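Please work through the exercises below with the sequence and the coordinates open beside you. Each task is followed by a solution that proceeds step by step.

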Amino acid sequence: MTGHEWDDKLFRMLSESDEAAFEERAPSRVKARIYSALIHEQQETGPLQSLSETRAAGHGLCIFEELVQITPFGEKSKSHFLCWTCHARLLAENMENAPIYWAHCPYGAFQER
Amino acid sequence: MTEHRPDTTVDMRLVAEVLRKDRKATAEFVSRYTDWVYSYVRRRVMPQTEVAEDLVQEVFIAAWRGLKSYRGDASLRSWLLGIARHKVDDYYRKRLRTSDWPDSDDESVAEPSVIPMYEEQMDRALLQEKAHSVLASLPEAYCLALLWRYQEERSAREMAQLTGKTEKAIERLLARAREHFKRRWNHDGA
C-alpha cells in the first residue's frame, strides 16, 4: 500500500466515522456539574426566578422547595438556590446513579434509570 | 420561494424560561442537550474524557452568556453544536501551540507499507475503534494534529494560521504523525 493510499485510508477512517456509533449519554455527574455551574453563572447577574414564579410556570418543586415556597417569607428568600445546601447535589456531582428518589429534584432527573 | 426554517417554537419557549433564570427550565436545558453536546465533543477529543467533560461545561457556560442572541433561526441543538465546534477548535489550537512536538529523530523506524490482509476485512466500526485506540497511544501533538486535519477536515494552512506556526511546520508534524500512526497500527495488528 503506497503512502498516498494510506493517507486516503486514514482520512476515511477518521472522517467517515458514523456519528450514530458515537452517540452516547453524558455521565449524570457531568450534567449535575454543568447545571450547578449554570445556576452559579445565573446568580452572578442577580437572583434566580422565585419558586412561586417557577411553580406558576408549571414546573414541579421538590419537597424542600415546597416547604420554602409555602413559608410566609418574602419572595427574595424564594429565589435562593436551595440545592447548594442539599446533599442530593453533592451526591449527584460526584457519583453516577446517585440514590436520589424524590420527585422534581433536578439532580435526580439527570440520573440514568 | 418561501424559506424553509425549522420549527423552533419549543426551543424559543425554553430559552425564554432559561433567560428568566427559571431553575427548572435550566435543568431541562441541561437534561435535553448535554448528551448531544457530549457526544459531539467526546468524539473529537478522544481519548481525553476529562477534557471532553470540561469542554462540554464550557459550551454550556458560553451558551448561557450568549443565549440572548439566540433567535431561533436554527434549532437550539444546532446552535449549541456550533458553539461546541468553536470550543473544540480552540482546544486544538491551544494544545497544538503549547504541547511538545516530538523530535523527528525519535523512534526512527522505517515506515511500513503493508497492512495485514485481515484488516481489509474488518468492519468499519472495528476499524474506527482501532483507529481511536491507536490515536490514544500517540503523543498528544500527533493525536491532535491528525484529528484536526482528518476528522475536522482543517487544511494544513488553516491549522498553521490558527496555531501561529508555519504551514511547513504543520505539514512536517502531520507527516510524522501519520508515520507514527501507521507504525502503531501495524504493530497493534501484528
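The exercises that follow concern a predicted model.

**Exercise 1. The make-up of chain A**

Task: Determine how many helices and strands chain A has, and in which pattern they follow one another.

Solution: Begin with the count, which gives six helices and zero strands in chain A. Then read along the sequence, where chain A follows the pattern α-α-α-α-α-α. Next turn to burial: of the 113 residues of chain A, 35% count as buried. Finally, take the contacts in chain A between residues at least 6 apart in sequence, of which 54% join residues at least 24 apart.

**Exercise 2. A helix pair in chain A**

Task: Find how the axes of helix α2 (residues 28-44) and helix α5 (residues 87-94) of chain A cross, and classify the residues in their contact.

Solution: The two axes come within 6 Å and cross at roughly 130°. This angle lies over 115 but not over 145 degrees, the range that counts as oblique, and α2(A) and α5(A) are therefore oblique to each other. On the side of α2(A), the contact is made by A:Ser28, A:Arg29, A:Ala32, A:Arg33 and A:Ser36, while α5(A) contributes A:Arg89, A:Ala92, A:Glu93 and A:Asn94. Sorted by class, the contact of α2(A) with α5(A) has two nonpolar, three polar and four charged residues.

**Exercise 3. An arginine of chain B**

Task: Decide whether B:Arg23 is buried or exposed, and list which residues of chain A it touches.

Solution: First locate B:Arg23, which is found in helix α2 (residues 23-45) of chain B. Counting around this residue gives 25 other C-beta atoms within 10 Å; because a residue is buried when 20 or more lie within that distance, B:Arg23 is buried. Leaving aside residues up to four places away in sequence, B:Arg23 touches A:Ile39, A:Leu48, A:Thr54 and A:Phe81.

**Exercise 4. Domains of chain B and the largest nonpolar core**

Task: Establish how far apart the C-alpha centres of domain 1 and domain 2 of chain B lie, and which helix gives the most to the largest nonpolar core.

Solution: Chain B is divided into domain 1 (9-88) and domain 2 (117-189), and the C-alpha centres of these domains lie 28 Å apart. The largest nonpolar core has 65 residues, and those with the most contacts inside it are B:Val37, B:Val41, B:Val56 and B:Leu146. The helix that gives the most to this core is α2(B), with ten residues. As a last step, consider the domains of chain B again: this core draws at least three residues from each of domain 1 and domain 2.

Conventions
Residues numbered from 1 in each chain as written. Chains lettered and ligands numbered in written order. Predicted model: local features only at pLDDT ≥ 70, side-chain atom pairs only at ≥ 80, totals over all residues. Helix = DSSP H or I, 4+ residues; strand = E, 2+ residues; numbered from the N terminus. Buried ≥ 20, exposed ≤ 12 C-beta atoms within 10 Å, placed from the backbone. Contact = placed C-beta atoms within 7 Å. Axes fitted to C-alpha atoms, helices over the stretch in contact; angles between N-to-C directions. Parallel < 35°, antiparallel > 145°, perpendicular 65-115°, else oblique. Nonpolar A, V, L, I, M, F, W, Y, C, P; charged D, E, K, R; others polar. Core = buried A, V, L, I, M, F, W, Y, C linked by C-beta atoms within 7 Å. Domains from an automatic or database assignment.
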